[in-house]
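Thanks for coming. I'll take a few minutes on one structure, so please have the viewer open.

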Amino acid sequence: MLRFLWTSLSSLNIWTITLSFSLFAFVHGNSDDEHGNTESLKYSRKHGALSHNVATTDAEYTRKLKQEVQVLLQKVSEMERQQKSYPEVKFLSYKDRKRILVTGGAGFVGSHLVDQLMLQGHEVTVADNFFTGRKRNIEHWIGHENFELLNHDIVNPLFIEVNEIYHLASPASPPHYMYNPIKTLKTNAVGTINMLGLAKRVRAKILLASTSEVYGDPEIHPQTEEYWGHVNPIGPRACYDEGKRVAETMCYAYQQQEKVDIRVARIFNTFGPRMHMNDGRVVSNFILQALQNQPLTVYGNGTQTRSFQYVSDLVDGLMDLMNSNYTRPVNLGNPEEHTIMKFAKIIRKLVGNNAEIVNKPAMQDDPRRRKPDISRARKFIGWQPKVPMMVGINRTISYFRNELSRSHHSERNIWTPDQPHEE
């Protein structure tokens, strides 16, 4: 009780906390220790714990102190009654429960992955420097005995004991990874070396969240994992494209030389709740503009294509890949292909307005076509997307609408985790 009192009431005046310790005995009927009480009173007076008239008697002074302690104890009791509730997690025995590290676990995809790992009953540690991640994406787990959050930048080594590592840490949208290209390169190069070194030391399995950007502006369609890509190594997107390519190279070097157990997922366009409002991606841009009755911005003529998967499908794919024995790169994406112009019209219709669609100059090195061949995922890990695009878009629109309606910090927009997916 004393420890709880000290740690939980830091917002109160320090003199009241001091008194709660020095006079705790009074409240519990130990007032017969006259010498001890007198010494406590002398200490409180000496250190100015309570301002009082010199003429005040010791008995009256003691009574006032008791009242203060009673108020503090009442506050503690109220705090204990207001226990935080958590989503129900599955119980796993020590033989089945894993210790899992998720780098970038406070980000968009990472937080959804954390939800599923927690719901399955594993012990999860999140390492995030909060460049694009947000604490409120995982705030519903803070305080849970199976969860730990580390404010850590993976360009610095991390020394913990884990069984599996999901390495997702990296800015993933063009405005974010172009903001500091050198930092993006360091995160994907030095950060990946640090995680591979950790995996080697503790003999953990590691999954690298790579990207379809390793294919660059592809010359074959759809893109298979055997395609080597068509990337501009000195363009504005190179810090991310080449950063992920070298990260893959390092994974296979560690596999061959150090026998590290690796998995590599090449992730295609993904959307869903908890996306950054201003991350500059197609889905978030269109939804945000449509909800605010602004013109929808299409870069180029709109004939370039993308394939969009809902975030829960991606999370399923990442866990399926980690739990498989397959070590070659695997595409994770939705092969349903749409032009950017068509997608803009879909968003406009679902939001329910007639916002104008305006064309702006195309972005440099923007891929013209993007569609995954997921034959390998189907064959080796038994995965394919399940959530229809329209269902996913409506969920995302609802999340963005709630986010835009917030006017006070107390108005939370917490996306409740789905039920645990089967392993």
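Start with Thr-125, whose bridge partner in S3 is Glu-148. This is a predicted model, so every value I quote is computed from it. Thr-125 belongs to strand S2, residues 123-128, and Glu-148 to strand S3, residues 147-151. S2 and S3 run parallel, and five bridges join them.

Now the other neighbour of S2. S1 and S2 also pair in the parallel sense, again over five bridges. One pair to click on here is Ile-100 with its bridge partner in S2, Val-124. How buried is S2? It is mostly covered, with five of its six residues buried.

Next, the link between those two strands. S1, H6 and S2 form a β-α-β unit, and its hand is right. Helix H6 covers residues 108-119 and packs on the sheet, where it touches S1, S2, S3 and S4. The direction of H6 makes about 170° with that of S1.

Let me put the sheet together. What is the strand order? It reads S3-S2-S1-S4-S5-S6-S11: an open sheet of seven strands with parallel pairing. At the edges are S3 and S11, the latter at residues 330-332, and each of these pairs on one side only. From one strand to the next, the twist averages 20°.

Further along the order we have S4, residues 164-167, and S5, residues 205-211. Four bridges join this parallel pair. If you want a residue to look at, Tyr-166 stands opposite Leu-207 in S5. Helix H9, residues 238-258, lies across S5 and S6, and runs at about 155° to S5.

Between S5 and H9 there is a loop, and Glu-213 sits in it. Is Glu-213 buried or exposed? The relative accessible area is 12%, and the cut-off for buried is under 20%, so Glu-213 counts as buried. What does its side chain contact? There is a polar contact between the side chain of Glu-213 and that of Arg-237, at 3.1 Å. Leaving out residues up to four places away in sequence, Glu-213 touches Val-231, Arg-237, Tyr-240, Asp-241, Pro-367 and Arg-370.

A second buried residue, this time in a helix. Thr-187 lies in H8, which spans residues 181-202. Its relative accessibility is 7%, so Thr-187 is buried by that cut-off too. With the same sequence neighbours left out, Thr-187 touches Ile-154, Val-155, Ala-169, Ser-170 and Thr-192.

Last item: helix H10, residues 282-291. Why call H10 largely enclosed by the rest of the structure? Because eight of its ten residues are buried. They are Val-283, Ser-284, Phe-286, Ile-287, Leu-288, Gln-289, Ala-290 and Leu-291. What do these buried residues pack against? Two strands, S7 at 270-271 and S8 at 296-299, and two helices, H12 at 340-351 and H14 at 389-405. Just after H10 comes Asn-293, which takes a positive phi of about 55°.

To recap: we have an open, parallel sheet of seven strands, with H6 packed on it and H9 across S5 and S6. Glu-213 is buried in terms of accessible area and has a side-chain polar contact with Arg-237. H10 is largely enclosed, since eight of its ten residues are buried. That's it from me.

Methods. Residues are numbered from 1 along each chain as its sequence is written. This is a predicted model: local features need pLDDT of at least 70, side-chain atom pairs count only at pLDDT 80 or more; totals for chains, interfaces and linings use all residues. Side-chain values use heavy atoms; hydrogens and water are left out. Two strands pair if DSSP finds at least two bridges between them. Axes are lines fitted to C-alpha atoms, for helices over the stretch in contact, and angles run from 0 to 180 degrees between N-to-C directions. Contact means heavy atoms within 4.5 Å. Buried means under 20% relative accessible area, exposed over 50%, partly exposed in between (1.4 Å probe, protein chains only). A polar contact is a pair of N or O atoms within 3.5 Å; within protein, one must be able to donate a hydrogen and the other to accept it, and residues adjacent in sequence count only if both atoms are side-chain atoms. A crossover is right-handed if, with the strands pointing away from the viewer, the path from the first strand over the helix to the second runs clockwise.
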